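Biologist: I'm new to this one, so could you take me on a close look at a single part, the open sheet and what packs against it? A little background on the whole chain first would help.

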Amino acid sequence: MYLALWPGNVYPLGATWDGKGTNFALFSENATGVELCLFDRDDRETRLTLTEVSNFVWHGYVPGVGPGQRYGYRVHGPYAPQEGHRFNPNKLLIDPYTKALDGDVGNGPEIFGYSWDSEEADLSFSDLDSAPLMPKSVVVDQTFDWEGDQLLRTPWHETVIYETHVRGFTKRHPDIPEEMRGTYAGLGHPAAIEHLLRLGITAVELMPVHHFLSHPGHLVGKGLKNYWGYDSVNYFAPYAGYSASGTLGEQVTEFKEMVKALHRAGIEVILDVVYNHTGEGNHLGPTLTLRGIDNAIYYRLVENDPRYYMDYTGCGNSLYVRQPQVLKLIMDSLRYWVLEMHVDGFRFDLASALARELYEVNSLAAFFDIIHQDPILAGVKLIAEPWDLGTGGYQVGQFPVLWSEWNGRYRDTVRDFWRGIDESLGQFAYCFTGSPDLYALNGRRPNASVNFITAHDGFTLNDLVSYNDKHNEENGEGNCDGESHNRSWNCGYEGETEDIEVLQLRERLRRNFLATLMLSQGIPMLLGGDEMGRTQKGNNNAYCQDNEISWFDWDLPQGNEDLVNFARELVYFRKQHPVFRRRKWFQGRPIYGKGISDIEWFNPDGSEMTQEQWDIGYAKSIAVYLDGNQLPSVGPKGERISDDSFLLFFNAHYETIEFTLPHAMQHREWLVAIDTKEPRFVQEERRYTGNQAVPVVARSMVVLRRLG
């Protein structure tokens, strides 16, 4: 088949259809030649040599080629791994800028740039053609009727995040048509959205949807696959396996329809993005895209031995974010998802890796400087996972303004408090008030702290109170994978049980965690399914479990109706009372001390906490007063905001403790609003005044609302 090839344009990168033909453009600084490979419906390949090179961009225009056309690249250049170059034109490569991919990466020696049986494997050269095992890039028609849809821009202090998985959330949902379950269309279905709306969710944080390597080599033969998706092979294309409508570009439209439906319901879409590494792995990994396009440009190589990769992620490689073209790739991807796909924000996996200019983490790295001044990205939600696996990679509290962070210290502190571990009450108090010790000194506000008890990585909430140890045997790694220090407590019995006392304690602890999360300052993030008691049977690293271990069981809401309703009432309670979602810090930098009017801390006997008592590790009980009349922020129209005032009693002790109202508050009447010993919000009115004792049963909390 004869196809004309015109010079085309250097910009934009990727495949761009103009209604008459398609322009193709690929960056490679060290290549000596590039072939554009077009595939027909029978997978017959036509190769066109790109002869035009401008600013290291190889480009050409093919008239008559349009949406649905499948293609890839073969890139020529030196195969010299010891010098950092791994060009091999026998390997069909994914366009880094393609907007859609057809198929997944297959398994076999063909996808590797080196000979499978060689003793020094990666130094050898493979003549095998990888095209039959490679997904094909697809030319896409970007036109779409958004019907006026825009980013929602929900204020941070009104945000409640729900972390979930596109496939797992709806894969077993009985009210969604079977062909739509586990897809973008399924997540946008009214039945799925109804659950989110009833729960009061304002934003879904979706685990990776960038097209990823679904069958990494170490899972081949185990009957497992990459379920979580943290092995991206492209940063523009939505994963084709989550599409119900097709893979020749239809998945792009389906994703947009999902976003539009969620926006229509008032729910933002935040993407979990993995710009720190790719699915190509280390020097023994496959050649799928960037490695074969220009390995020395895209990846951070060991300075004195470029055969090997710097690995700050534990996944084999790290992108060379300091390189201008890599920065451009990331920034172009982020802008694309905002402008073309209407995504409301991003959560950056292992974000500390993006801040490494050389070896040390630098919060003012080029990546963050560029985002700070970008008119598109500076206005969306930016969330960092503030750690990586390199030296000095734990950077909680160190990210610049505009950024919020997954607050790992919050997770650990709250878990330890409720399981009764000795620690200072001061640390718990800091976490409850938005972690000002981490975020207040660099110009950020309480929304910098994204609070969470559980996330995809680790135990679910149900398992957190049901298992002392991880149970990852089904991952096929001898239970050696996953975190071994989970700060969990099985309440006296490991795993499932019918013991009533154990079950009641577990239920109370689940309510404690949910109540603490929703009433803390900062932004609450709920792990999807925790509200319905989802379990992974003790598996705390279900990254490879694309099955019932990970999929939501939609029979659970009926069996755990009280828990679902308790979670729903908590979210509504938070929305109803701005004192629990302040935009500014409590007055004064310290969180305790005399003379603070908007927040005060007390012992169970009603006396004010002393400096010494904050550091007593064996203390397990504390009271806090929040004054709703002392809110420093105004409403959207400048109106003064006021709220009720509250007393919160926390008892992580193993016995009931009777709290006394602080002396200055005994002349007021107080109504019980929440008592976590109850399966639902308080149904019967209970009031306290004067020096009446307020009993708080073992390992529970009580919230009182001031009347009058």
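Modeller: Let's begin with a term: a contact here means heavy atoms within 4.5 Å. Keep in mind that this is a predicted model. Among contacts in the protein chain between residues at least 6 apart in sequence, 72% join residues at least 24 apart. The chain has 14 helices and 27 strands. Its radius of gyration is 27 Å, close to the 27 Å that the globule rule gives for 708 residues, so the chain is as compact as a globular protein of that length. Of those 708 residues, 62% count as buried.

Now for the sheet. Six strands make it up, and it is an open one, with antiparallel pairing. Reading across, the order is 20-21-22-27-24-25. Strand 20 (599–602) and strand 25 (687–688) are at the edges, and each has a single partner strand, so one side of each is left without a neighbour in the sheet.

Zoom in on one pair: strand 21 (residues 621–626) and strand 22 (residues 646–651) run antiparallel to each other and are joined over six bridges. If you'd like a spot to click on, try V624, whose bridge partner in strand 22 is L648.

Next, the helices that lie against these strands. Helix 9 (residues 425–432) lies across strand 20, strand 21 and strand 22, and it runs at about 35° to strand 21. Helix 12 (residues 500–519) packs on the sheet too, touching strand 22, strand 24 (669–675) and strand 27 (700–707). The direction of helix 12 makes about 45° with that of strand 27. So strand 22 is on both lists: helix 9 lies across it, and helix 12 touches it.

Salt bridges come up in this region as well. E496 forms one with K537, the closest N and O atoms being 2.5 Å apart. E496 lies in the loop between helix 11 (461–464) and helix 12, while K537 is in the loop between strand 19 (523–527) and helix 13 (556–559), so the pair ties together parts that are 41 residues apart in sequence. E496 is exposed, with a relative accessible area of 56%, and K537 is partly exposed at 45%.

Back at the edge strand 25, which covers 687–688, R687 meets E685 in a salt bridge through their side chains (2.6 Å, N to O). R687 is partly exposed, at 37% relative accessible area, whereas E685 is exposed, at 56%. Over the whole structure, a search finds 38 salt bridges.

Notes. Residues numbered from 1 in each chain as written. Predicted model: local features only at pLDDT ≥ 70, side-chain atom pairs only at ≥ 80, totals over all residues. Heavy atoms only, no water. Pairing = 2+ DSSP bridges. Helix = DSSP H or I, 4+ residues; strand = E, 2+ residues; numbered from the N terminus. Axes fitted to C-alpha atoms, helices over the stretch in contact; angles between N-to-C directions. Rg over C-alpha atoms; globule rule 2.2 N^0.38 Å. Buried < 20%, exposed > 50% of the residue type's maximum accessible area, 1.4 Å probe, protein only. Salt bridge = Lys/Arg side-chain N within 4 Å of Asp/Glu carboxyl O.
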